[in-house]
Amino acid sequence: MSIIVSNITKQYGRQLALDNVSFRIEPGGVVGLLGPNGAGKSTMMKIITCFIPPSSGDVSVHGFDIREQSLEVRKKVGYLPENNPLYTDMYIKEYLEFIAGIHQLGKNTSKRVAEMMAVTGLMPEKGKKIGALSKGYRQRVGLAQAMIHNPEVLILDEPTSGLDPNQLVEIRNLISDIGKEKTVMLSTHILQEVEAICSRAIIINQGRIVANDSTGNLLSNASGIEQVVVEFDREADKAALSAIKGVKSVKKGSGYTWIIESASNTDVRQEIFRYAVEQGLTVLSMQKHTISLEEVFQQLTKK
């Protein structure tokens with residue numbers, strides 16, 4: 001087991017940041033940690049990476065306890081904080097060599113620095129100081145320093161925050177590749193990103209876990225309602241559409257478009273086609289609407 005979080009509570013005075021949080025993460029894959037601002041995501045990540053202690057509860061990373069064996073935990077974990085603190089007056093290679101020295105890589109330093117610069121795509125900018133880099137390349141430097149000691153677990157707090165669309169795709173692809181070999185936990189507000197690269201999502205709201213499942217299960221189990229959007233060539237009868245077997249509700253859209261709802265385990269498209277043929281209607285388009293992770297997130301985190 002890569003990460004085991006058991007009954008973690010974190011209190012700042014009267015403010016309860018985390019309330020009895022428990023979850024487990026298996027080795028390999030990318031797990032998204034989601035939640036509104038102030039939900040406790042960054043606090044959870046800081047506890048796992050030994051930056052702050054919990055008020056109560058236990059965390060182990062690859063069998064090492066964060067309280068009793070924090071140095072061993074740090075050896076197993078690579079951490080990219082949200083604000084990505086870097087020494088901007090240092091050159092990329094110089095900075096990575098400095099981080100390698102902290103991790104006591106010794107004779108492997110040069111080889112490891114070269115590997116990380118290649119893996120994260122930093123070679124085109126290798127002659128620049130960090131302060132002269134774009135936000136996207138600074139994030140790459142942050143990822144390189146998090147991986148320099150070849151950790152088994154990567155904790156990434158908002159790794160794509162502030163990136164332009166091209167940079168976002170590049171970093172997203174990089175994280176996906178890393179997740180094939182390491183356990184990656186990332187927090188993000190870009191929910192399409194979670195759908196694209198995460199195999200599982202843990203959603204926290206007001207310090208408590210409100211969902212913990214594969215992204216596929218979260219999407220399929222969220223509403224229990226299936227929507228079909230159909231456009232005919234002329235007006236249809238709402239009462240007749242409502243009478244179709246399996247239909248729960250019918251809403252009028254723009255023009256000759258209708259939004260037809262059924263139970264999630266019922267596909268009414270065949271029946272809609274049959275109705276259209278019987279009424280002499282032409283189906284111009286018909287689409288099954290799939291609920292998005294954003295909609296699931298909104299359902300679970302509404303106050």
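**View 1. The hairpin of β9 and β10, with Q206.** In this hairpin, which has 2 residues between the strands, Q206 takes a positive phi near 50°. Strand β9 (residues 200-205) and strand β10 (residues 208-214) pair in the antiparallel sense over 6 bridges, where pairing requires that DSSP finds at least two bridges between two strands, and strands are DSSP runs of E with at least two residues, numbered, like helices (H or I, at least four residues), from the N terminus. I202 has N212 in β10 as its bridge partner.

The model is predicted, so local features need pLDDT of at least 70 and side-chain atom pairs count only at pLDDT 80 or more, while totals for chains, interfaces and linings use all residues. Residues are numbered from 1 along each chain as its sequence is written, and side-chain values use heavy atoms, with hydrogens and water left out.

**View 2. Strand β9 and its surroundings.** Because 6 of the 6 residues of β9 are buried, this strand is largely enclosed by the rest of the structure; buried means under 20% relative accessible area, exposed over 50%, and partly exposed in between, with a 1.4 Å probe and protein chains only. R200, I202 and I204 cover one side, and A201, I203 and N205 the other. Strand β3 (residues 29-34) pairs with β9 in the parallel sense over 4 bridges, and L34 stands opposite I203.

**View 3. N84 in the loop between β6 and α3.** N84, placed in the loop that follows β6 (77-80) and leads to α3, is buried, with a relative accessible area of 9%. The side chain of N84 reaches the backbone oxygen of R138 at 3.0 Å.

Conventions:
Polar contact = N/O pair within 3.5 Å; in protein donor to acceptor, adjacent residues only side chain to side chain.
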